[in-house]
Amino acid sequence: MAFYVTTPIYYVNAAPHLGHAYTTIAADVMARHHRQRGEAVFFLTGTDEHGEPVADAARAAGVSPQQLADENAQRFKALAPQIEASNDFFIRTTDAPHMAKVQEVLSRVRDNGFVYEGTFEGWYCPRCADFKAENEIDEGNRCPIHHIELTRESEQNYFFKLSAFQEQLLELYERRDDFVSPRSRYNEALSFIRSGLRDVPLTRHRLTWGVPVPWDSEHVFYVWFDALLNYYTALSYAPQPSGAALAGARAGAGAPAQALDLTQEFWPANYHLIAKDILRFHAVYWPALLMAAEIELPHHLFVHGYLLMQGEKMSKSLGNVLDPFAVIERFGADALRFYLLREVPFGQDGSVSTASFEQRYESELANELGNLASRTTAMVVRYRGGSLPAGDVDGELARDFAGLVQRVCAHVDAAELTAALDEIWQRVRRLNRYVEQQAPWRLAQAEDGAARLDLVLRTLAEGLRSVAVLLWPYMPASAERVLDALGAPDSALDGAELGAGSVEQVRQLEPLFPKAG
Ligand code: ME8
């Protein structure tokens, strides 16, 4: 089994922010989950470096586009390890092998008869790098996204015959109703296709910062075609994934890095993750382009919502902007990853704020998971000297955990990352209730409580192990600390079921999520 997941490649005209971190974290959760299933995984992210937004920003900063791209690409590259993203490759669209492959694929599109010369006349937003239809323009000829005045463009271009794919796209949407999700985004893309497709510029005449058009040296490719193709070109020159990002017993078990064409192994992509701002490019242009180039289509496009940051309440320690770097420095990357996927149902828009971050950190991470881990390990150490006798787990808890792993897998398969996390979190809460109900401290005092105490401690330790394995994709560092303290470092999903593993030697765990001072 192979699993290939991508994020958008981010524009290097600005610095990385929380929105970028969000998509990359979500893709990382999916990548890690599939590695836990023992699948061969390829996780791609990177930067989109050509086109007008970058050329304009470079001009404004008084540097060359390449200098700006080099500088900002490094910042995006550095973001990945900070948020614990285990991407297997980082593509830059200025990579020479990417550019060569773009030329090859788009020449094929032309050879197949889907490119012609014409004159483009219309409105253009240099910040979106997008041509706007008359019905997509705000009053005063403004961009509905950037609110800047659009420019009236008239230029000699090569066009991509998007209109030729109208029927095939309708047929694709008919045949594969999970091609785009959530459903609202599927409907949005479908109605755009139904409204009638116009041909789109494939090249730009006046720009020079882009991939040169091989059949006409006065043109470069329109940045969106160069950018979309990254998902495909990366596999032709990225090294074999090492598998080193997998925790525990399997760490380092992957093949050594070597140059191999990964297209056969990983194409078509299982999931492209994007936000709704770039839906049309991915849900309409991208499949049409692939059809024109005779390349197999990806399986799924998942469109998450926007993180909204208006009307924030001020927080004591974080100020009033949820800055991912400040959160990570103070609370760790795991807390940020957890918060984003817990607070905003994945696929919907949702507000984030420093105040709600601190609230969840305290009530859920520190008080629920943190306490469960601390007191479980502390009680095994206090009452049993850290050693647990082998045996079954409590049937009552086994019933409440039955089918959990399958349900988590089913949710992640559908990119329902918040729903999967909620399934797991309900078990964290269940284990805390179990502690209260069973009151091990009373069993320890009771004369005939020893066997029962063994059972309760074993069930708690095994329950903690099970949730830690399932939480590993969301909070890798914390989950690894828990598994380590339980002497059970293997994070493979086939051992995640409650009772499938055995915890024998336990170490006291220091607080996972120390309270903010
Ligand atoms: O569009 N909430 O790059 P970009 C959630 N280069 N996600 C957000 C967000 C927010 N407030 N802000 C940004 C581009 N994102 C093109 C893509 S792909 C072939 C080319 C995330 O730097 C989200 O994933 O503007 C969104 O789609 C992406 O960043 C846009 O990044």
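## Exercises: finding your way around this model

To start, 23 residues surround the ligand, and the closest are Ile9, Thr23, Asp48, Asp277 and Leu307; a residue counts as near if one of its heavy atoms lies within 4 Å of the molecule. What you're looking at is a predicted model, where local features need pLDDT of at least 70, side-chain atom pairs count only at pLDDT 80 or more, and totals for chains, interfaces and linings use all residues. Residues are numbered from 1 along each chain as its sequence is written, and side-chain values use heavy atoms, with hydrogens and water left out.

**Exercise 1.** Work out which polar atoms sit by the ligand's oxygen and nitrogen atoms.

*Solution.* Look for N or O atoms in pairs within 3.5 Å; within protein, a polar contact also needs one atom able to donate a hydrogen and the other able to accept it, and residues adjacent in sequence count only if both atoms are side-chain atoms.
- Step 1: go to histidine 20, where an N or O atom of the side chain is 3.2 Å from a ligand oxygen.
- Step 2: move to alanine 275, which has a polar backbone atom 3.1 Å from an oxygen of the ligand.
- Step 3: check leucine 307, with a polar backbone atom 2.9 Å from a ligand nitrogen.
- Step 4: see how much is covered: on its own the ligand has 670 Å² of accessible area, and the protein covers 90% of that (Shrake-Rupley method, 1.4 Å probe; for residues, only the protein chains shown count as cover).

**Exercise 2.** Trace the six-stranded sheet and find its edges.

*Solution.* Strands (E, at least two residues) and helices (H or I, at least four) are DSSP runs numbered from the N terminus, and two strands pair if DSSP finds at least two bridges between them.
- Step 1: follow the order β3-β2-β1-β11-β12-β7, an open sheet with parallel pairing.
- Step 2: stop at β3 (89-92) and β7 (180-181), the edges; each has a single partner strand, so one side of each has no neighbour in the sheet.
- Step 3: zoom in on β7, which two bridges join to β12 (residues 300-304). There, valine 180 has leucine 301 as its bridge partner.
- Step 4: step just past β7 into the loop before α6 (183-194), where proline 182 sits. A cis peptide bond, with omega about 0°, links serine 181 to proline 182.

**Exercise 3.** Decide whether glutamate 364 is buried or exposed, and find its side-chain partner.

*Solution.* Buried means under 20% relative accessible area, exposed over 50%, and partly exposed in between (1.4 Å probe, protein chains only).
- Step 1: locate glutamate 364 in helix α13 (residues 354-384).
- Step 2: read its relative accessible area, 5%, so glutamate 364 is buried.
- Step 3: find arginine 342, whose side chain makes a polar contact of 2.9 Å with that of glutamate 364.
- Step 4: list other contacts (heavy atoms within 4.5 Å); among the residues glutamate 364 touches are Phe338, Trp425 and Arg429.

**Exercise 4.** Spot two residues with a positive phi.

*Solution.* Most residues other than glycine have a negative phi.
- Step 1: take histidine 147, with phi near 60°, in the loop between β5 (130-132) and β6 (151-160). At 51% relative accessibility, histidine 147 is exposed.
- Step 2: take glutamate 294, with phi about 60°, in the loop between α10 (279-292) and β12. Its relative accessibility is 61%, so glutamate 294 is exposed.

Terms used:
Lists of a residue's contacts leave out its neighbours within four places in sequence.
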